[in-house]
Amino acid sequence: MPTPNTTRRALVRAAAYLAVAPLLAVPRRGGAQPDSSPDRIELERLVAANRILAHENVVDAFGHVSIRDPQNLMRYVLARSRSPELIELADLMRFELDGTPVDARGRTPYGERMIHGAIYEARPDVRSVVHLHSYAVLPFTISGVPLRPVIHTAGVLGAEIPVWDIRDEFGDTDMLVRNMAEGRSLAKALGKRTCVLLRGHGAVVAARNVKEAVLTAYYLQVDAQVQLQALALGTPKALSVAEIAATTATQLSPLALDRAWEYFCVRAGVEPL
């Protein structure tokens, strides 16, 4: 039986969805409750992704996660400029690929939203993007030591994780990706890979859906922590190409992905949709 707290949370989520649905152009079918809408579930998962990444310290006050707009694949959905731990349904905004808000309504968007738009523009296969500033990852953006998957849960990172340096093409900046030229340069460095590091800044993860994006971002941080510890002992041994393929298939299968998503959601205090 639902507890009073569970019921209150459900009512708050439903009210927030009713408020934001017109802004996101999510259709309502025949008066059905919004809980049954696949698009609403995707939006709920995006809110959950923000909360999860914050709870696991993959992001702090800064960082963001988006999904490709389920109603229009040439747009994307990203929260307004707010810390990930605080994101709610009413914070979600829709954007054109060039970063233009579809309906800002006075809300301030993230300054680095062009990261997301440029990757969606370049990669039709990508449905979710995470930008993070994990402290464990940062040493690999400035040291010349390559970050490689060294544990079985990190095969999802891929065999190569390049480092993009904004200074190489754009000179001295505040190191934020503020326009589409910079975003497209970053997307080019990412290429067909899953992850790219940003010198002195953080990392970006591109995935087929938001669950995979969260899992990959989390294990990017874990892998960096393990590799940093291993470097103090000797030379870490990276996964082979065949091991990466096999472990990725396992991690992204329902056997592992659904189990991890439920775990992350419960830890972050959100419903595992």
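Both faces of strand β4 are covered in this predicted model: on one side S128, V130 and L132 are buried, and on the other side V129 and H131 are buried as well. The strand spans residues 128-132, and 5 of its 5 residues are buried, so that β4 counts as mostly covered because buried here means under 20% relative accessible area.

The pairing of β4 involves two strands, β1 and β7, and each pairing can be followed down to a pair of residues that stand opposite one another, as set out below.

| Strand paired with β4 | Residues | Sense | Bridges | Opposite residues |
|---|---|---|---|---|
| β1 | 64-68 | antiparallel | 4 bridges | S66 and V129 |
| β7 | 202-207 | antiparallel | 5 bridges | V205 and V130 |

V129, one of the buried residues of β4, therefore has S66 standing opposite to it, where a pairing of strands requires at least two bridges between them. V130, buried on the other side of β4 from V129, stands opposite V205 in β7.

Strand β7, which covers residues 202-207, also leads to a second site, since A207 is among the residues that E212 touches. E212 lies in helix α7, which runs over residues 210-231, and its contacts beyond four places in sequence are A207, L252 and L257. Is E212 buried or exposed? With a relative accessible area of 6%, E212 is buried, because this value falls under the 20% cut-off. The C-alpha atoms of E212 and A260 are separated by 9.9 Å, although these two residues are 48 residues apart along the chain.

Technical notes
Residues are numbered from 1 along each chain as its sequence is written. This is a predicted model: local features need pLDDT of at least 70, side-chain atom pairs count only at pLDDT 80 or more; totals for chains, interfaces and linings use all residues. Side-chain values use heavy atoms; hydrogens and water are left out. Buried means under 20% relative accessible area, exposed over 50%, partly exposed in between (1.4 Å probe, protein chains only). Contact means heavy atoms within 4.5 Å.
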